[in-house]
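Trainee: I have a list of labels to check against their cut-offs. Can we go through them one by one?

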Amino acid sequence: MLEAESLVKSFGKLIAVDHFSMNIERGEVKALIGPNGAGKTTFVNLVTGALTPDEGRIRLDSRCIVRLPSYKRARLGIARTYQIPKPYPNLTVLENVMVSSIYAAGLEGEDAMSAAVEALKYVGIYNMADKLASELNAEQQKLLDFARALAARPKYLLIDEIGAGLSVDELEGLASKIRAVAKQGVGVLYIGHIMKMVKSVADWVIVMNEGRKVTEGTYDDIANNEEVIKIYLGEKGAVE
Ligand SMILES: Nc1ncnc2c1ncn2[C@@H]1O[C@H](COP(=O)(O)OP(=O)(O)O)[C@@H](O)[C@H]1O
Ligand SMILES: [Mg+2]
C-alpha cells in the first residue's frame with residue numbers, strides 16, 4: 001500500500017497541502033479531484049519526492065520513504081505523469097521512454113528496449129518511435145509521458161491531468177487503458193477535472209479543496225454531495 005499521512009506543504013503563507021491523508025492499494029484506481037489550486041499537483045510532488053513535506057509521513061509497503069530522493073522512490077515503484085509533460089526534446093520518442101526503462105525500471109539492453117517498445121505500442125504511439133519528442137503535439141506528448149511512466153514498471157502510478165485536450169473517443173480509450181494497467185496490479189491515482197473520465201476509471205473518488213480533503217466516496221456519493229457541488233459551481237464542465 002502507498003500511504004500518505006497528514007501531509008503538509010506551505011509556500012510562504014499559502015498552505016497548499018493541509019494535513020492531507022490518503023492511501024492506494026495495488027490494483028485499484030482512485031481519483032483525486034478538486035478545483036484549480038486545490039493542491040493536487042503539490043500532493044503528487046510530495047509523494048514522488050519532487051517536494052519535501054513540512055509535516056507528515058509517506059509509506060510504501062510500510063516503509064517510510066519521506067526522506068528518500070525521487071530517483072529512489074521511482075526505483076521502488078512510484079511513477080507519475082506530468083500535467084505539462086517535459087520530454088527530452090532532442091531525444092527520439094523511443095529514447096525518451098528508454099530513459100525510464102533503464103533508470104527507473106532498472107532494465108538493460110534488449111530488455112530496456114522491449115519494455116519501451118511495449119509501452120509505446122500500449123499507448124498507441126509506436127508509429128512515432130523514431131520522431132524527435134519535440135515533433136509531437138501536446139496530446140501526443142501526454143501519451144509519450146504515459147508510456148514513459150509505464151516503462152518504469154511502476155507499482156503505483158499517479159496520473160496528473162492527462163485527459164485535457166483529448167476527444168471523447170480518445171478519453172474512452174485512455175480510460176480503458178488506465179483500468180487495464182490497474183488490473184495488472186498497479187495502484188493508480190487518477191487526477192483530473194473531467195467527471196466522465198473520473199466516473200469511468202475510478203473505484204473511489206477523493207475531493208480536495210484548499211489543501212484539505214473535503215470528502216471521499218463512490219462516484220455517485222461524490223456527484224450528489226452538496227459541498228462538492230458548491231465547490232464545483234462555476235467550474236466549466238466539472239459536474240454534469
Ligand atoms: N512552487 C510553488 N511555489 C509557490 N506556490 C505554489 C507552488 N506550487 C503550487 N503553488 C500554489 O499552491 C496551490 C496549489 O497548487 P497545485 O498543487 O498546483 O494545485 P492543483 O494541482 O490542484 O491545481 C496553488 O495556490 C498554487 O498557486
Ligand atoms: Mg495540478
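Trainee: Why is His-19 called partly exposed?
Mentor: Its relative accessible area is 43%. Buried means under 20% relative accessible area, exposed over 50%, and partly exposed in between (1.4 Å probe, protein chains only). So His-19 counts as partly exposed.

Trainee: What kind of model and numbering do these values rest on?
Mentor: This is a predicted model, where local features need pLDDT of at least 70, side-chain atom pairs count only at pLDDT 80 or more, and totals for chains, interfaces and linings use all residues. Residues are numbered from 1 along each chain as its sequence is written, chains are lettered from A and ligands numbered from 1 in the order in which they are written, and side-chain values use heavy atoms, with hydrogens and water left out.

Trainee: What is notable about the phi of His-19?
Mentor: Phi is near 50 degrees, a positive value in a residue other than glycine. Most residues other than glycine have a negative phi. His-19 sits in strand E2 (residues 14–24); strands are DSSP runs of at least two residues, helices (H or I) of at least four, numbered from the N terminus.

Trainee: What is the phi of Ser-6?
Mentor: Positive, about 50 degrees, and Ser-6 is not a glycine. Ser-6 lies in strand E1 (residues 2–11). At 25% relative accessibility, Ser-6 is partly exposed.

Trainee: What makes Thr-41 and Gln-83 ligands of the magnesium ion (ligand 2)?
Mentor: Thr-41 (OG1) and Gln-83 (OE1) coordinate the ion at 2.1 to 2.3 Å. Donors are N, O and S atoms within 2.8 Å of the metal (3.2 Å for Na, K and Ca); water is not among the atoms, so sites may look incomplete. The two residues are 42 apart, Thr-41 in helix H1 (residues 40–48) and Gln-83 in the loop between strand E6 (78–81) and helix H3 (93–103). Thr-41 is partly exposed at 27%, and Gln-83 at 32%.

Trainee: How do you know that E6 pairs with strand E7 (residues 156–160)?
Mentor: 4 bridges join the two, which run parallel. Two strands pair if DSSP finds at least two bridges between them. Ala-79 stands opposite Leu-157 in E7.

Trainee: Why is the largest nonpolar core said to lie between domains?
Mentor: A nonpolar core is a set of buried Ala, Val, Leu, Ile, Met, Phe, Trp, Tyr and Cys residues joined through side-chain atoms within 4.5 Å. The largest has 57 residues, and Leu-157 is among those touching the most other members. Domain 1 (1–77 + 154–240) and domain 2 (88–153) both give residues to this core, so it lies between them. Domain bounds come from an automatic or database domain assignment.
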